[in-house]
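Reader: I should like to understand this structure by asking what each term rests on. May we begin once it is in view?

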Number of protein chains: 2
Amino acid sequence: MLTSERKAFILDRLRRDGRIVAKTVAEALGLSEDTLRRDLRELAAEGLLLRVHGGALPASPAIAALPARWSVSPQSKMAVAAVAARMVQPGQVIILDGGTTSVQMARLLPRDLAATVVTHSPSIAVELAGHERITVEMIGGRLFRHSMVAMGTVAVEMIAGIRADLFFLGVTGVHPDYGVTTGDAEEAAIKRALARQAAETVVLASAEKLGAVSPFRVLPLTEIDSLVVEADTAPALLAPYRDRGITIIQAEG
Amino acid sequence: MLTSERKAFILDRLRRDGRIVAKTVAEALGLSEDTLRRDLRELAAEGLLLRVHGGALPASPAIAALPARWSVSPQSKMAVAAVAARMVQPGQVIILDGGTTSVQMARLLPRDLAATVVTHSPSIAVELAGHERITVEMIGGRLFRHSMVAMGTVAVEMIAGIRADLFFLGVTGVHPDYGVTTGDAEEAAIKRALARQAAETVVLASAEKLGAVSPFRVLPLTEIDSLVVEADTAPALLAPYRDRGITIIQAEG
DNA sequence: CTTGACTCTGCACGTTTATGCACGTTTTGT
DNA sequence: ACAAAACGTGCATAAACGTGCAGAGTCAAG
């Protein structure tokens, strides 16, 4: 049995039973408890479950719903998300876009932050359930499965009635000439609509996105105010954005 | 039972009963009172409950962590959810209410079912991410933390534009005279609004809800079409509903 | 085919955590 | 004031844990 198969099995079992007992599952799979514990530790590190003494419990379902893409570069996204989370001031109204980085960011918002979060991503809404002092405004509409966000006319209408201080935008490409881009036209339009309603737009740019271009443009760079990047991003990669007057916010090493 | 599960159980019980008697719970869980007292002490240290002589009381009126309720006993509500999930026909438009039973039901919908699900619960939306052939319509609005559903005027407006075949309603009380009830007035209103838009209303009634009454009425029994209950529900408990012409759907043992 | 780098797994070890019992103290109710 | 219940603490035991290490397997370069 492959390691990844095993991990899938663990997650599946966790969903079915609502819990994992390390010893039991190790027996069921004919493996040593050591290996299983290792798996649990790794899955927990990816945020896919909650490690507890004796086994594991479900993490928030929000994260589990976006499993595949997590493998990309968790630590990079985590660092970017952490910095972005610290940018939010008490009392502000912020818009959170969909995507794994944003979900992570929601999770990393200070526990006692009093603010309003507008989002079209149910994953983020679920993630914020634990933040007692955050008011969550959910934008409705038809759910776009790929990125788990509400879209369509209904969503756009609802967005039009909002004014926010900050918009944290997640994209798949950030390029000096082509601006920020994403893989779906409708999604690009929604992101654009969200950006229009915020005083400031902040792009969450984990490592692999810099210099990348996707089919549909969300915004030109002129519409971007800040760019959050990792600590070890090459200065040369950042220069073009800085030259265009975009504030670069870098996670410290 | 895992330690953290046990703590979740304690908090759940505390929320349900409004208090914890150390001795009683220790017996119920088959543990020494020492262990239980230790748990109570620790939970109190975390500020999750108020330790008093003989047991514990809620720390603040509204410590309601929905995720905690999950780990407690997924099995009990599972049966009701499973039966309800099988009621959905291909091509139908259904409305799913919030609550743990509904989330479980969403999860148990057939993998290959092609249907449309309307919901005001982000948890359910997230849960349905894996169901490729289900179209999810998310209802927006301000998130009501306790039960993780969108509420408010925006939600009501959006609901008004929907027509569905079935509405699966989750409540906290089902009573022959008082009808179906829940703990929050606004929530009751939203549920009522949802019921108005569906041709048929189905109540998900796990065991402990039958005969219970909560402060706010959602609907009188005359507005209810079906009632889904567990396999081992006493026939005497069901008779009043059957007499009123409500279809009883019982999970098989 | 061989070698070396790498990954995965299980084992051994010392450490941490959870639990129940014993005992003395505090609180409660009468 | 007194007895009973509830409590906290210290302690012993067992389970769960993390780490370092070694053997087996995989893969690519030589």
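Reader: How far is a phosphate oxygen of DNA strand C from an N or O atom in the side chain of Ser32(A), and what makes this a polar contact?

Author: The distance is 3.2 Å. A polar contact is a pair of N or O atoms within 3.5 Å (within protein, one must be able to donate a hydrogen and the other to accept it, and residues adjacent in sequence count only if both atoms are side-chain atoms), so the pair qualifies. Please bear in mind that this is a predicted model, in which local features need pLDDT of at least 70 and side-chain atom pairs count only at pLDDT 80 or more, while totals for chains, interfaces and linings use all residues. Residues are numbered from 1 along each chain as its sequence is written, chains are lettered from A and ligands numbered from 1 in the order in which they are written, and side-chain values use heavy atoms, with hydrogens and water left out.

Reader: Which polar contacts does chain B make with a phosphate oxygen of DNA strand C?

Author: Among them is one from the side chain of Arg6(B), where an N or O atom is 2.6 Å from a phosphate oxygen. Another comes from Ser32(B), with a polar side-chain atom 2.9 Å from a phosphate oxygen of DNA strand C. Two or more residues of the surface near this strand come from each of α1 (3–17) and α3 of chain A and α1 (3–17) and α3 of chain B; helices (H or I, at least four residues) and strands (E, at least two) are DSSP runs, numbered from the N terminus.

Reader: How many residues surround DNA strand C, and what makes a residue count as near?

Author: There are 16, and the closest are Arg6(A), Thr35(A), Arg6(B), Thr35(B) and Arg38(B). Of the strand's atoms that come within 4 Å of the protein, 59% belong to sugar and phosphate. A residue is near a strand if one of its heavy atoms lies within 4 Å of it.

Reader: How do the residues of the surface near DNA strand C divide, and what makes a residue polar?

Author: They divide into two nonpolar, eight polar and six charged. Ala, Val, Leu, Ile, Met, Phe, Trp, Tyr, Cys and Pro count as nonpolar, Asp, Glu, Lys and Arg as charged, and the others, Gly among them, as polar.

Reader: Which residues are the closest to DNA strand D, and how do the residues of that surface divide?

Author: DNA strand D is surrounded by 20 residues, the closest being Arg51(A), Gly54(A), Arg51(B), His53(B) and Gly54(B). The division is four nonpolar, six polar and ten charged. Sugar or phosphate supplies 76% of the strand's atoms within 4 Å of the protein, and bases supply the rest. Phosphate oxygens of DNA strand D lie 3.2 Å from a polar side-chain atom of Arg51(A), 3.4 Å from a side-chain N or O atom of Arg41(A) and 3.4 Å from a backbone N or O atom of Val52(B).

Reader: Why is Lys7(A) called buried and Glu42(A) partly exposed?

Author: Buried means under 20% relative accessible area, exposed over 50%, and partly exposed in between (1.4 Å probe, protein chains only). Lys7(A) has 16%, so Lys7(A) counts as buried. Glu42(A) has 34% and is therefore partly exposed.

Reader: What makes the pair of Lys7(A) and Glu42(A) a salt bridge?

Author: A salt bridge is a side-chain nitrogen of Lys or Arg within 4 Å of a carboxyl oxygen of Asp or Glu; the N to O distance here is 2.6 Å, so the pair qualifies. The pair ties together helix α1 and helix α3 of chain A, because Lys7(A) lies in the former and Glu42(A) in the latter, 35 residues apart in sequence. Side chains of opposite charge can pair when their charged atoms come close. Over all chains, the count comes to 18 salt bridges.

Reader: How do you know that Asp177(A) and Arg244(A) form a salt bridge?

Author: Their closest N and O atoms are 3.6 Å apart, so the pair is within the limit. The pair links the loop between β10 (173–175) and β11 (179–182) of chain A, which holds Asp177(A), with the loop between α10 (235–243) and β15 (247–250), which holds Arg244(A), 67 residues apart. Asp177(A) is exposed at 56% relative accessible area, whereas Arg244(A) is partly exposed at 44%.

Reader: Where is Lys191(A) found, and is Lys191(A) buried or exposed?

Author: Lys191(A) is found in helix α9 (residues 185–196) of chain A. Its relative accessible area is 3%, so Lys191(A) is buried. The side chain of Lys191(A) makes a polar contact with that of Asp97(A) at 2.5 Å, and Asp97(A), Glu187(A) and Lys191(A) are linked in a network of salt bridges. In chain B, Lys191(B) forms a salt bridge with Asp97(B), the closest N and O atoms being 2.5 Å apart.
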